[in-house]
Amino acid sequence: MNMAPLLVALGLIGVPLIWFLGTYNGFIRIQNHLRESWSNVDTELQRRHDLIPNLVRTVQGYASHEKEMLEEVTRLRNDAFSAQGQIAERGQQESRLVQGMERLLMRVEAYPDLKADRHFLDLQRELVRTEDRIQHVRRIHNANVRDFNNRVEMFPSSVVAGMNGFELQPYFEIKRLEVREVSSVAQSVPD
């Protein structure tokens with residue numbers, strides 16, 4: 001009995017099947033990376049959201065007449081905190097929060113006693129670290145989005161993507177909060 005036709009038939013079916021399964025599993029692997037990296041972004045955004053009420057209370061102690069600005073930042077924080085929409089919508093909410101925080105921090109410049117307050121300086125340092133962490137995890141997430149989207153768009157993996165409902169994912173675009181690092185003069189102010 002000649003096995004050649006059987007081996008050819010198995011090869012014609014087996015090789016594409018193995019390729020299909022490998023490509024599909026690659027999509028699943030990258031999709032899981034996307035979920036993990038988004039979870040890391042969400043954790044860092046939560047850290048920022050947790051810092052804001054302390055910052056608002058500290059500024060309020062020195063600049064209570066800035067009530068409207070403080071209420072706006074609190075509202076923006078609450079909006080960003082409760083945003084459960086798509087990634088693009090979350091990015092827009094976070095960017096609005098960043099703009100409000102920048103306006104608040106610019107107003108703080110007018111209060112030298114506040115800028116020298118140990119608690120404010122500690123919050124400012126933590127905010128700088130948190131913003132750096134947000135940017136770091138955002139870059140990782142967006143790299144995963146790029147890898148996933150490349151597979152969705154590139155042939156022949158685009159065939160597997162189309163057959164299984166894998167769609168392009170949005171990048172997480174967010175404005176970076178520009179927080180000045182606490183100066184060495186301010187750091188040396190005694191308690």
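Read from one end of the sequence to the other, the chain goes α-α-α-α-α-α-α. That is 7 helices and 0 strands. Keep in mind as you look around that this is a predicted model.

**Overall shape**

Start with the outline. The C-alpha atoms fill a box of roughly 95 × 30 × 20 Å along the principal axes. The radius of gyration tells a similar story: the chain has 25 Å, whereas a compact globule of 191 residues would have a value near 16 Å. Of those 191 residues, 39% count as buried. The accessible surface comes to about 11,400 Å², and carbon and sulfur atoms own 55% of that.

How do the contacts spread along the sequence? Taking the ones between residues at least 6 apart, 81% join residues at least 24 apart.

**Two buried residues**

Now zoom in on a couple of side chains. Met-69 sits in helix H2, which spans residues 67-82, and Gln-135 sits in helix H5, spanning residues 118-153. Met-69 has a relative accessible area of 5%, under the 20% cut-off, so it counts as buried. Gln-135 also comes out at 5%, so the same 20% cut-off makes it buried as well.

Here is what each one touches once neighbours within four places in sequence are set aside:

| Residue | Relative accessible area | Contacts |
|---|---|---|
| Met-69 | 5% | Gly-100, Arg-103, Leu-104, Arg-107 |
| Gln-135 | 5% | Ile-174, Arg-176 |

One of the Met-69 partners is worth a closer look. Leu-104 is in contact with Met-69, and the two are 35 residues apart in sequence but 6.7 Å apart in space, C-alpha to C-alpha.

**The second largest pocket**

Next, a pocket. The second largest one has a volume of about 190 Å³. Which elements give two or more residues to its lining? Those are helix H1 (4-62) and H5. H1 gives the most, with 4 residues.

The full lining consists of Gln-31, Leu-34, Arg-35, Trp-38, Gln-86, Ile-87, His-141, Val-145, Gln-169 and Pro-170. Sorted by class, that makes 5 nonpolar, 4 polar and 1 charged residues. The charged one is Arg-35, because Arg counts as charged.

**Tying it together**

H5 shows up twice in this tour: Gln-135 is found in that helix, and H5 also helps line the second largest pocket.

Key
Residues numbered from 1 in each chain as written. Predicted model: local features only at pLDDT ≥ 70, side-chain atom pairs only at ≥ 80, totals over all residues. Heavy atoms only, no water. Buried < 20%, exposed > 50% of the residue type's maximum accessible area, 1.4 Å probe, protein only. Contact = heavy atoms within 4.5 Å. 1 Å grid on protein atoms, 1.4 Å probe; cavity = no way out; pocket = protein on both sides within 12 Å on 5 of 7 lines; lining within 4 Å. Points joined across faces, edges and corners; volume = space filled by probe spheres on them. Rg over C-alpha atoms; globule rule 2.2 N^0.38 Å. Areas by Shrake-Rupley, 256 points an atom, 1.4 Å probe, with all protein chains shown as cover.
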